[in-house]
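Here are a few exercises to work through with the model on your screen. Try each one yourself before you read the solution.

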Amino acid sequence: MGIFSSLFSIFKRENSYDENAIKDAALQLFAPVSGATVALEDVPDLVISEKIVGDGIAITPENDRLIAPCSGIISRIIASNNAFAVKTDSGVEVYVTCGIGANAFTGIGFKALVSLGDRVEAGDEVIEVNFKEASKVLESTVTSMIVIRSSAKIAKVISPFSRVEAGKPCSFVFTEDN
């Protein structure tokens, strides 16, 4: 089966995927939070909606913990504790950010549970969120998971689900080598 027929077969069933269709994926990512997915183009942040730094998925969060979408090293934690990145052993960097719209956001409602340089496994808790507090200063609490374009030869990120569950597969990364 060719890569294009494999990719299209992913969309056979909502919230399900064909394991054979993703066997060529370089990396499987897990949802950092549970919720309904949002098209990146609909995220009210130009950098994310225009896919300036990379491709990925956005989620309307339903739980109060952001978890690591893959195993690797915490390569970034934003001072406001609302965003982090994990760099995999293969060099792919995945950036997770929660919240949009506060230029002077100070991290109200966010608590980092890890430190820069820590090793995490997929599913480990990274950030605790108090959405009642954070919602007071943010335009949106949409959570985005972006595969950083410059971190590897990323060809495509496929996210076939309309709803995701934290810690469950949600996206598949294909590199130019696939």
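**Exercise 1: Build the sheet**

Start from this pairing: β4 and β10 run antiparallel to each other, joined by three bridges. (Two strands count as paired if DSSP finds at least two bridges between them; strands are DSSP E runs of at least two residues, and helices are H or I runs of at least four, numbered from the N terminus.) A word on the ground rules: this is a predicted model, where local features need pLDDT of at least 70 and side-chain atom pairs count only at pLDDT 80 or more, while totals for chains, interfaces and linings use all residues. Residues are numbered from 1 along each chain as its sequence is written, and side-chain values use heavy atoms, with hydrogens and water left out.

Task: work out the strand order in the sheet that holds this pair.

Solution.
- Step 1: find a bridge between β4 and β10; Ile 67 has Glu 125 in β10 as its bridge partner.
- Step 2: look for β8, which pairs with β10 (residues 125-129) in the antiparallel sense, again over three bridges.
- Step 3: check that pairing by residue: Phe 110 is matched with Val 129 in β10, and Ala 112 with Ile 127.
- Step 4: put it together, and you get an open, antiparallel sheet of three strands in the order β4-β10-β8. Its edge strands are β4 (65-67) and β8 (110-112), each paired on one side only. From one strand to the next, the twist averages 20 degrees (axes are lines fitted to C-alpha atoms, and angles run from 0 to 180 degrees between N-to-C directions).

**Exercise 2: Place Val 47**

Task: decide whether Val 47 is buried, partly exposed or exposed.

Solution.
- Step 1: locate Val 47 in helix α2, residues 46-49.
- Step 2: recall the classes: buried is under 20% relative accessible area, exposed is over 50%, and partly exposed lies in between (1.4 Å probe, protein chains only).
- Step 3: Val 47 has 38% relative accessibility, so it counts as partly exposed.

**Exercise 3: Zoom out**

Task: how many helices and strands does the protein have, and what share of its residues is buried?

Solution.
- Step 1: count three helices and 14 strands.
- Step 2: of the 178 residues, 47% are buried.
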